[in-house]
Amino acid sequence: MTKRALITGITGQDGSYLAEFLLEKGYQVHGIKRRTSGFNTARIDHIYQDPHQPHARFKLHYGDLTDASNLIRTLAEVQPDEVYNLGAQSHVAVSFASPDYTADVCALGTLRLLEGIRFLGLSNKTRFYQASTSELYGLVQETPQKESTPFYPRSPYAVAKLYAYWITVNYREVYGMYACNGVLFNHESARRGETFVTRKITRGLANIAVGLEECLYLGNMSALRDWGHAKDYVRMQWMMLQQDRPEDYVIATGVQYSVRDFVRMSAAELGISLEFKGQGADEVAVVADVCGNKAPAIKLGQVVVRVDPRYYRPTEVDTLLGDPTKARENLGWIPQITLASMVNEMVAADLEIARREALLRQHGYATPVPKEI
Ligand code: NDP
Ligand code: GDR
(Lines give C-alpha, C1' and ligand atoms only; values in the text may rest on other atoms or scores of the structure.)
(Ligands and ions follow the chains in the order given, each with its own letter.)
Protein backbone atom coordinates (compact mmCIF):
# COMPACT_ATOMS: atom_id res chain seq x y z
CA MET A 1 0.00 0.00 0.00
CA THR A 2 1.24 3.48 -0.88
CA LYS A 3 1.71 5.52 2.28
CA ARG A 4 0.06 8.93 2.45
CA ALA A 5 1.74 11.91 4.09
CA LEU A 6 0.19 15.29 4.80
CA ILE A 7 2.63 18.19 5.19
CA THR A 8 1.70 21.61 6.56
CA GLY A 9 4.24 24.25 5.54
CA ILE A 10 5.01 22.39 2.30
CA THR A 11 5.90 25.64 0.53
CA GLY A 12 8.62 26.42 3.09
CA GLN A 13 12.26 25.35 3.21
CA ASP A 14 11.77 22.09 5.13
CA GLY A 15 8.44 21.26 3.52
CA SER A 16 9.99 21.33 0.07
CA TYR A 17 12.89 19.03 1.00
CA LEU A 18 10.60 16.68 2.93
CA ALA A 19 8.16 16.45 0.01
CA GLU A 20 11.05 15.53 -2.32
CA PHE A 21 12.31 12.97 0.17
CA LEU A 22 8.91 11.31 0.64
CA LEU A 23 8.16 11.23 -3.10
CA GLU A 24 11.47 9.42 -3.61
CA LYS A 25 10.38 6.91 -0.96
CA GLY A 26 7.20 6.21 -2.94
CA TYR A 27 4.76 8.15 -0.74
CA GLN A 28 1.66 9.94 -1.93
CA VAL A 29 2.38 13.47 -0.72
CA HIS A 30 -0.34 15.97 0.20
CA GLY A 31 0.52 19.51 1.18
CA ILE A 32 -1.42 22.39 2.65
CA LYS A 33 -0.69 25.73 1.04
CA ARG A 34 -2.03 29.12 1.98
CA ARG A 35 -4.02 31.24 -0.36
CA THR A 36 -1.88 34.26 -1.19
CA SER A 37 -2.34 37.03 -3.73
CA GLY A 38 0.68 35.80 -5.68
CA PHE A 39 2.32 32.43 -6.30
CA ASN A 40 4.02 30.98 -3.20
CA THR A 41 5.14 27.62 -4.59
CA ALA A 42 8.60 28.47 -5.96
CA ARG A 43 10.29 25.88 -3.71
CA ILE A 44 8.05 23.03 -4.89
CA ASP A 45 7.32 23.91 -8.51
CA HIS A 46 9.91 21.36 -9.68
CA ILE A 47 8.00 18.47 -8.05
CA TYR A 48 4.51 19.60 -9.01
CA GLN A 49 2.46 16.91 -10.76
CA ASP A 50 -0.55 17.60 -12.92
CA PRO A 51 -3.54 16.34 -10.89
CA HIS A 52 -5.15 15.18 -14.16
CA GLN A 53 -2.47 12.49 -14.44
CA PRO A 54 -4.04 9.24 -13.23
CA HIS A 55 -1.09 8.29 -11.02
CA ALA A 56 -0.17 11.70 -9.62
CA ARG A 57 1.37 11.29 -6.17
CA PHE A 58 1.60 14.97 -5.27
CA LYS A 59 -1.39 17.08 -4.35
CA LEU A 60 -1.81 20.53 -2.87
CA HIS A 61 -4.82 21.59 -0.79
CA TYR A 62 -5.68 25.17 0.09
CA GLY A 63 -5.74 25.65 3.82
CA ASP A 64 -4.47 27.44 6.86
CA LEU A 65 -3.44 26.41 10.35
CA THR A 66 -5.80 29.04 11.75
CA ASP A 67 -8.80 27.32 10.11
CA ALA A 68 -9.96 24.26 12.06
CA SER A 69 -12.78 23.23 9.74
CA ASN A 70 -10.44 23.32 6.76
CA LEU A 71 -7.87 21.16 8.58
CA ILE A 72 -10.50 18.61 9.59
CA ARG A 73 -11.84 18.40 6.05
CA THR A 74 -8.35 17.94 4.64
CA LEU A 75 -7.46 15.26 7.20
CA ALA A 76 -10.74 13.46 6.45
CA GLU A 77 -10.11 13.56 2.71
CA VAL A 78 -6.44 12.52 2.83
CA GLN A 79 -6.64 9.97 5.69
CA PRO A 80 -2.89 10.35 6.16
CA ASP A 81 -0.58 7.72 7.61
CA GLU A 82 1.80 10.49 8.63
CA VAL A 83 1.26 14.20 9.34
CA TYR A 84 4.26 16.53 9.41
CA ASN A 85 3.33 19.83 11.05
CA LEU A 86 5.95 22.18 9.63
CA GLY A 87 3.68 25.19 9.03
CA ALA A 88 4.52 28.21 11.19
CA GLN A 89 5.07 31.92 11.40
CA SER A 90 8.66 30.88 11.87
CA HIS A 91 10.52 34.20 12.19
CA VAL A 92 11.55 34.94 15.77
CA ALA A 93 11.92 38.72 15.29
CA VAL A 94 8.57 38.99 13.48
CA SER A 95 6.87 37.18 16.38
CA PHE A 96 7.47 40.25 18.56
CA ALA A 97 5.53 42.30 15.99
CA SER A 98 2.77 39.69 15.47
CA PRO A 99 2.53 37.76 18.75
CA ASP A 100 -1.18 36.98 18.52
CA TYR A 101 -0.99 35.59 14.97
CA THR A 102 2.19 33.65 15.81
CA ALA A 103 0.45 32.01 18.76
CA ASP A 104 -2.62 31.22 16.68
CA VAL A 105 -0.60 29.48 13.95
CA CYS A 106 2.19 27.86 15.95
CA ALA A 107 0.38 26.93 19.17
CA LEU A 108 -3.32 26.57 18.35
CA GLY A 109 -2.58 25.36 14.82
CA THR A 110 -0.87 22.33 16.34
CA LEU A 111 -3.80 21.71 18.67
CA ARG A 112 -6.24 21.95 15.76
CA LEU A 113 -4.38 19.26 13.84
CA LEU A 114 -4.06 16.91 16.82
CA GLU A 115 -7.70 17.39 17.73
CA GLY A 116 -8.70 16.83 14.12
CA ILE A 117 -6.84 13.51 14.06
CA ARG A 118 -8.51 12.47 17.31
CA PHE A 119 -11.99 13.69 16.31
CA LEU A 120 -11.86 11.78 13.02
CA GLY A 121 -10.90 8.55 14.78
CA LEU A 122 -7.46 8.51 13.16
CA SER A 123 -5.52 8.33 16.46
CA ASN A 124 -4.45 4.73 15.87
CA LYS A 125 -3.60 5.21 12.20
CA THR A 126 -2.00 8.64 11.83
CA ARG A 127 1.50 9.36 13.11
CA PHE A 128 2.23 13.00 13.95
CA TYR A 129 5.48 14.94 13.73
CA GLN A 130 5.72 18.34 15.41
CA ALA A 131 8.39 20.82 14.27
CA SER A 132 9.71 21.85 17.66
CA THR A 133 12.70 24.09 18.04
CA SER A 134 15.91 24.85 19.90
CA GLU A 135 14.34 28.27 20.58
CA LEU A 136 12.55 26.45 23.44
CA TYR A 137 15.87 26.52 25.33
CA GLY A 138 16.13 30.31 24.90
CA LEU A 139 17.98 31.49 27.98
CA VAL A 140 19.95 28.29 28.18
CA GLN A 141 19.99 26.36 31.44
CA GLU A 142 22.62 23.81 30.39
CA THR A 143 25.18 23.42 27.57
CA PRO A 144 24.99 21.54 25.28
CA GLN A 145 21.21 21.28 25.19
CA LYS A 146 19.68 17.80 25.10
CA GLU A 147 16.22 16.24 25.45
CA SER A 148 16.21 16.69 29.26
CA THR A 149 17.43 20.31 29.31
CA PRO A 150 14.81 22.64 30.86
CA PHE A 151 13.10 25.13 28.53
CA TYR A 152 13.18 28.92 28.92
CA PRO A 153 11.58 30.49 25.81
CA ARG A 154 12.52 34.09 24.99
CA SER A 155 10.08 35.21 22.28
CA PRO A 156 6.38 34.97 21.42
CA TYR A 157 7.43 32.43 18.75
CA ALA A 158 9.26 30.26 21.27
CA VAL A 159 6.42 30.49 23.81
CA ALA A 160 3.92 29.43 21.13
CA LYS A 161 6.17 26.52 20.17
CA LEU A 162 6.38 25.57 23.86
CA TYR A 163 2.60 25.09 23.87
CA ALA A 164 2.86 23.05 20.67
CA TYR A 165 5.58 20.89 22.20
CA TRP A 166 3.55 20.07 25.31
CA ILE A 167 0.21 19.58 23.55
CA THR A 168 1.97 17.02 21.34
CA VAL A 169 3.29 15.22 24.43
CA ASN A 170 -0.14 15.48 26.03
CA TYR A 171 -2.00 13.90 23.09
CA ARG A 172 0.55 11.09 23.09
CA GLU A 173 -0.02 10.46 26.79
CA VAL A 174 -3.80 10.94 26.91
CA TYR A 175 -4.88 9.32 23.65
CA GLY A 176 -1.94 7.01 22.99
CA MET A 177 -1.27 8.77 19.71
CA TYR A 178 2.01 8.24 17.88
CA ALA A 179 3.01 11.90 18.21
CA CYS A 180 6.51 13.24 18.64
CA ASN A 181 8.60 16.36 18.74
CA GLY A 182 11.75 16.93 16.76
CA VAL A 183 13.60 19.63 18.68
CA LEU A 184 15.55 20.94 15.73
CA PHE A 185 18.42 23.38 15.92
CA ASN A 186 18.87 25.92 13.10
CA HIS A 187 19.10 24.38 9.67
CA GLU A 188 19.68 26.19 6.44
CA SER A 189 20.11 25.71 2.69
CA ALA A 190 19.94 27.62 -0.55
CA ARG A 191 16.14 27.48 -0.05
CA ARG A 192 16.30 29.24 3.32
CA GLY A 193 14.01 32.27 3.62
CA GLU A 194 15.87 35.47 2.70
CA THR A 195 15.26 37.13 6.08
CA PHE A 196 16.99 34.51 8.23
CA VAL A 197 20.53 35.49 9.04
CA THR A 198 22.47 32.88 7.03
CA ARG A 199 20.61 33.50 3.79
CA LYS A 200 20.62 37.23 4.42
CA ILE A 201 24.41 37.02 4.63
CA THR A 202 25.00 34.83 1.55
CA ARG A 203 22.51 36.82 -0.52
CA GLY A 204 23.82 40.18 0.72
CA LEU A 205 27.49 39.37 0.11
CA ALA A 206 26.74 37.90 -3.33
CA ASN A 207 24.88 41.09 -4.24
CA ILE A 208 27.81 43.20 -3.04
CA ALA A 209 30.26 41.02 -4.96
CA VAL A 210 28.62 41.87 -8.28
CA GLY A 211 27.82 45.48 -7.44
CA LEU A 212 24.08 45.27 -6.79
CA GLU A 213 24.50 46.53 -3.21
CA GLU A 214 27.24 48.23 -1.24
CA CYS A 215 26.78 47.14 2.34
CA LEU A 216 24.96 44.51 4.38
CA TYR A 217 23.32 45.51 7.68
CA LEU A 218 23.08 42.93 10.46
CA GLY A 219 22.07 42.81 14.12
CA ASN A 220 23.86 40.84 16.82
CA MET A 221 26.96 39.37 15.17
CA SER A 222 28.07 37.62 18.36
CA ALA A 223 25.03 35.33 18.52
CA LEU A 224 26.09 31.67 18.50
CA ARG A 225 24.17 28.98 16.66
CA ASP A 226 24.43 25.28 15.83
CA TRP A 227 23.77 25.29 12.06
CA GLY A 228 23.01 22.16 10.03
CA HIS A 229 21.66 21.48 6.55
CA ALA A 230 17.88 21.17 6.05
CA LYS A 231 18.27 18.04 3.90
CA ASP A 232 19.85 16.14 6.78
CA TYR A 233 17.16 17.35 9.15
CA VAL A 234 14.11 16.33 7.07
CA ARG A 235 15.53 12.81 6.80
CA MET A 236 15.48 12.72 10.56
CA GLN A 237 11.87 13.96 10.66
CA TRP A 238 10.85 10.89 8.67
CA MET A 239 13.05 8.54 10.73
CA MET A 240 11.31 9.70 13.90
CA LEU A 241 7.96 8.45 12.57
CA GLN A 242 9.31 5.00 11.60
CA GLN A 243 10.13 3.78 15.13
CA ASP A 244 8.22 1.31 17.30
CA ARG A 245 7.53 3.95 19.96
CA PRO A 246 7.06 7.70 19.59
CA GLU A 247 9.81 9.72 21.26
CA ASP A 248 11.15 13.28 21.20
CA TYR A 249 14.60 13.95 19.76
CA VAL A 250 17.11 16.79 19.65
CA ILE A 251 18.52 17.24 16.15
CA ALA A 252 21.72 19.25 15.91
CA THR A 253 25.29 19.03 14.68
CA GLY A 254 26.97 19.57 18.07
CA VAL A 255 29.15 22.36 16.66
CA GLN A 256 28.65 26.07 17.22
CA TYR A 257 29.64 29.19 15.28
CA SER A 258 28.89 32.91 15.59
CA VAL A 259 27.05 35.04 13.05
CA ARG A 260 30.42 36.76 12.53
CA ASP A 261 32.00 33.36 11.68
CA PHE A 262 29.26 32.77 9.13
CA VAL A 263 29.96 36.16 7.54
CA ARG A 264 33.68 35.35 7.41
CA MET A 265 33.11 31.92 5.83
CA SER A 266 30.66 33.26 3.25
CA ALA A 267 33.03 36.07 2.28
CA ALA A 268 35.89 33.55 1.92
CA GLU A 269 33.75 31.62 -0.60
CA LEU A 270 33.78 34.78 -2.70
CA GLY A 271 37.55 35.15 -2.35
CA ILE A 272 37.24 37.98 0.16
CA SER A 273 39.15 38.20 3.45
CA LEU A 274 37.48 40.37 6.06
CA GLU A 275 38.81 42.22 9.03
CA PHE A 276 36.33 42.94 11.83
CA LYS A 277 36.81 46.26 13.61
CA GLY A 278 35.00 47.96 16.48
CA GLN A 279 32.49 46.48 18.87
CA GLY A 280 28.75 46.24 19.42
CA ALA A 281 26.75 48.67 17.28
CA ASP A 282 30.03 50.15 15.93
CA GLU A 283 31.38 46.88 14.57
CA VAL A 284 32.16 46.77 10.84
CA ALA A 285 33.67 44.22 8.45
CA VAL A 286 36.29 45.66 6.12
CA VAL A 287 37.73 44.01 2.99
CA ALA A 288 41.38 43.16 3.75
CA ASP A 289 42.13 41.07 0.66
CA VAL A 290 40.41 39.87 -2.54
CA CYS A 291 41.47 36.99 -4.73
CA GLY A 292 39.90 35.24 -7.73
CA ASN A 293 37.21 36.71 -9.97
CA LYS A 294 34.03 36.02 -8.04
CA ALA A 295 33.73 39.52 -6.57
CA PRO A 296 34.57 42.00 -9.35
CA ALA A 297 32.79 44.92 -7.66
CA ILE A 298 34.61 44.63 -4.32
CA LYS A 299 37.34 47.13 -3.40
CA LEU A 300 40.07 46.81 -0.81
CA GLY A 301 39.10 48.71 2.33
CA GLN A 302 35.38 48.63 1.48
CA VAL A 303 33.07 48.31 4.50
CA VAL A 304 30.80 45.44 3.49
CA VAL A 305 29.02 44.77 6.80
CA ARG A 306 27.73 47.24 9.38
CA VAL A 307 25.58 46.73 12.46
CA ASP A 308 22.10 48.19 12.50
CA PRO A 309 20.58 47.96 16.00
CA ARG A 310 17.14 47.73 14.40
CA TYR A 311 17.94 44.05 13.94
CA TYR A 312 18.60 43.51 17.65
CA ARG A 313 15.88 41.50 19.36
CA PRO A 314 14.06 42.69 22.50
CA THR A 315 15.19 39.46 24.18
CA GLU A 316 18.00 37.67 22.39
CA VAL A 317 18.92 34.00 22.42
CA ASP A 318 22.68 34.44 22.70
CA THR A 319 23.86 30.88 22.37
CA LEU A 320 22.52 27.51 21.24
CA LEU A 321 24.42 24.25 20.97
CA GLY A 322 22.70 20.89 20.62
CA ASP A 323 23.67 17.42 21.76
CA PRO A 324 22.34 14.92 19.18
CA THR A 325 23.61 11.82 21.03
CA LYS A 326 20.15 10.25 21.43
CA ALA A 327 19.40 10.58 17.71
CA ARG A 328 22.76 9.07 16.83
CA GLU A 329 22.52 6.17 19.29
CA ASN A 330 18.82 5.24 18.85
CA LEU A 331 18.33 6.02 15.18
CA GLY A 332 21.82 6.04 13.72
CA TRP A 333 21.30 9.59 12.49
CA ILE A 334 24.50 11.42 11.57
CA PRO A 335 24.41 14.65 9.58
CA GLN A 336 26.13 14.24 6.19
CA ILE A 337 26.53 17.85 5.07
CA THR A 338 29.20 19.98 6.75
CA LEU A 339 28.81 23.67 7.45
CA ALA A 340 31.61 24.39 4.95
CA SER A 341 29.82 22.62 2.10
CA MET A 342 26.53 24.24 3.05
CA VAL A 343 28.09 27.70 2.95
CA ASN A 344 29.62 26.79 -0.41
CA GLU A 345 26.21 25.71 -1.75
CA MET A 346 24.41 28.80 -0.43
CA VAL A 347 26.98 31.28 -1.72
CA ALA A 348 27.14 29.60 -5.13
CA ALA A 349 23.34 29.70 -5.48
CA ASP A 350 23.09 33.33 -4.40
CA LEU A 351 25.98 34.36 -6.62
CA GLU A 352 24.19 32.87 -9.60
CA ILE A 353 21.00 34.76 -8.75
CA ALA A 354 22.98 37.99 -8.28
CA ARG A 355 24.85 37.58 -11.58
CA ARG A 356 21.58 37.00 -13.43
CA GLU A 357 20.04 40.09 -11.81
CA ALA A 358 23.12 42.17 -12.66
CA LEU A 359 22.92 41.07 -16.28
CA LEU A 360 19.22 41.92 -16.49
CA ARG A 361 19.86 45.37 -15.01
CA GLN A 362 22.80 45.97 -17.33
CA HIS A 363 20.58 45.33 -20.36
CA GLY A 364 17.66 47.35 -19.01
CA TYR A 365 15.38 44.39 -18.23
CA ALA A 366 15.33 44.97 -14.47
CA THR A 367 15.47 47.92 -12.12
CA PRO A 368 16.67 47.93 -8.51
CA VAL A 369 13.85 47.12 -6.09
CA PRO A 370 14.96 47.93 -2.53
CA LYS A 371 13.72 45.32 -0.08
CA GLU A 372 13.58 45.65 3.69
CA ILE A 373 14.86 42.37 5.14
P1 NDP B 1 9.62 28.43 6.60
O2 NDP B 1 9.35 29.75 7.21
O3 NDP B 1 10.53 28.31 5.44
O4 NDP B 1 8.21 27.77 6.16
C5 NDP B 1 7.06 27.94 6.93
C6 NDP B 1 5.90 27.32 6.20
O7 NDP B 1 4.71 27.50 6.98
C8 NDP B 1 5.62 27.94 4.83
O9 NDP B 1 5.17 26.92 3.96
C10 NDP B 1 4.49 28.89 5.14
O11 NDP B 1 3.69 29.19 4.01
C12 NDP B 1 3.71 28.06 6.13
N13 NDP B 1 2.76 28.84 6.93
C14 NDP B 1 2.95 30.03 7.51
N15 NDP B 1 1.82 30.44 8.12
C16 NDP B 1 0.90 29.48 7.89
C17 NDP B 1 -0.47 29.34 8.23
N18 NDP B 1 -1.13 30.28 8.92
N19 NDP B 1 -1.12 28.23 7.83
C20 NDP B 1 -0.48 27.27 7.11
N21 NDP B 1 0.81 27.36 6.73
C22 NDP B 1 1.49 28.45 7.14
O23 NDP B 1 10.10 27.47 7.80
P24 NDP B 1 11.13 26.24 7.76
O25 NDP B 1 10.81 25.39 6.61
O26 NDP B 1 12.49 26.76 7.97
O27 NDP B 1 10.72 25.50 9.12
C28 NDP B 1 9.72 24.49 9.13
C29 NDP B 1 9.21 24.35 10.56
O30 NDP B 1 10.25 23.99 11.42
C31 NDP B 1 8.58 25.59 11.14
O32 NDP B 1 7.52 25.18 11.97
C33 NDP B 1 9.68 26.19 11.98
O34 NDP B 1 9.14 26.95 13.04
C35 NDP B 1 10.36 24.94 12.48
N36 NDP B 1 11.78 25.02 12.78
C37 NDP B 1 12.64 25.48 11.83
C38 NDP B 1 13.98 25.50 12.06
C39 NDP B 1 14.97 25.99 11.03
O40 NDP B 1 16.11 26.26 11.41
N41 NDP B 1 14.59 26.09 9.76
C42 NDP B 1 14.53 25.00 13.34
C43 NDP B 1 13.53 24.52 14.25
C44 NDP B 1 12.22 24.53 13.97
P45 NDP B 1 4.11 30.37 2.97
O46 NDP B 1 5.13 29.76 2.05
O47 NDP B 1 2.83 30.69 2.31
O48 NDP B 1 4.67 31.49 3.79
P1 GDR C 1 16.69 32.17 14.68
O2 GDR C 1 17.28 32.43 13.22
O3 GDR C 1 16.15 33.37 15.33
O4 GDR C 1 17.73 31.38 15.42
O5 GDR C 1 15.43 31.24 14.33
P6 GDR C 1 17.79 33.77 12.52
O7 GDR C 1 18.58 33.32 11.38
O8 GDR C 1 16.66 34.71 12.28
O9 GDR C 1 18.73 34.42 13.64
C10 GDR C 1 19.87 33.76 14.14
C11 GDR C 1 20.68 34.72 14.99
O12 GDR C 1 21.26 35.71 14.14
C13 GDR C 1 21.09 36.98 14.76
N14 GDR C 1 21.11 38.03 13.75
C15 GDR C 1 20.18 38.23 12.80
N16 GDR C 1 19.06 37.53 12.48
C17 GDR C 1 18.33 37.96 11.42
N18 GDR C 1 17.25 37.27 11.05
N19 GDR C 1 18.67 39.08 10.70
C20 GDR C 1 19.77 39.82 11.00
O21 GDR C 1 20.06 40.82 10.37
C22 GDR C 1 20.58 39.36 12.09
N23 GDR C 1 21.73 39.79 12.64
C24 GDR C 1 22.04 38.98 13.63
C25 GDR C 1 19.77 36.86 15.50
O26 GDR C 1 19.65 37.89 16.48
C27 GDR C 1 19.88 35.45 16.05
O28 GDR C 1 20.59 35.47 17.26
C29 GDR C 1 15.51 30.21 13.36
C30 GDR C 1 14.12 30.04 12.75
O31 GDR C 1 14.21 29.16 11.65
C32 GDR C 1 13.15 29.48 13.76
O33 GDR C 1 11.92 29.17 13.13
C34 GDR C 1 13.75 28.21 14.38
O35 GDR C 1 12.87 27.72 15.37
C36 GDR C 1 15.11 28.51 14.98
O37 GDR C 1 15.95 29.01 13.94
C38 GDR C 1 15.76 27.26 15.55
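This dialogue covers the domains, one sheet and the ligand shell of a predicted model.

Biologist: Into which domains is the chain divided?

Modeller: Domain 1 covers 4-184, while domain 2 is assembled from 197-224, 258-316 and 338-363. Between the C-alpha centres of domain 1 and domain 2 there are 32 Å.

Biologist: How do I read a sheet, and what is the order of the strands in the open one?

Modeller: Strands of a sheet pair through backbone hydrogen bonds, in either a parallel or an antiparallel way. Here 4 strands follow the order S8-S15-S14-S13, with mixed pairing. Strand S8 (216-218) and strand S13 (272-277) each have a single partner strand, so one side of each lacks a neighbour in the sheet. On average, neighbouring strands of this sheet are turned by 25° against each other, direction ignored.

Biologist: In which sense do S14 and S15 pair?

Modeller: Strand S14 (residues 284-290) and strand S15 (residues 303-307) are antiparallel, with 3 bridges. One residue pair to look for is valine 284 with its bridge partner in S15, arginine 306.

Biologist: Which strands does helix H8 lie across?

Modeller: Helix H8 (residues 259-269) lies across S8, S13, S14 and S15, at about 150° to S13. Helix H6 (residues 197-209) lies across S8 and S15, and its angle to S8 is about 155°.

Biologist: Turning to ligand 1, how many residues surround it, and which are the closest?

Modeller: The shell around ligand 1 has 26 residues, the closest being Gly9, Gly12, Gly87, Ala88 and Ala131. By class, 16 are polar, 7 nonpolar and 3 charged. Helix H1 (13-24) and strand S5 (127-133) each supply at least two residues of this shell; the largest share, 3 residues, comes from H1.

Note on methods:
Residues are numbered from 1 along each chain as its sequence is written. Chains are lettered from A and ligands numbered from 1 in the order in which they are written. This is a predicted model: local features need pLDDT of at least 70, side-chain atom pairs count only at pLDDT 80 or more; totals for chains, interfaces and linings use all residues. A residue is near a molecule or strand if its C-beta atom, placed from the backbone, lies within 6 Å of it. Ala, Val, Leu, Ile, Met, Phe, Trp, Tyr, Cys and Pro count as nonpolar, Asp, Glu, Lys and Arg as charged, and the others, Gly among them, as polar. Domain bounds come from an automatic or database domain assignment. Two strands pair if DSSP finds at least two bridges between them. Axes are lines fitted to C-alpha atoms, for helices over the stretch in contact, and angles run from 0 to 180 degrees between N-to-C directions. Two residues are in contact if their C-beta atoms, placed from the backbone, lie within 7 Å.
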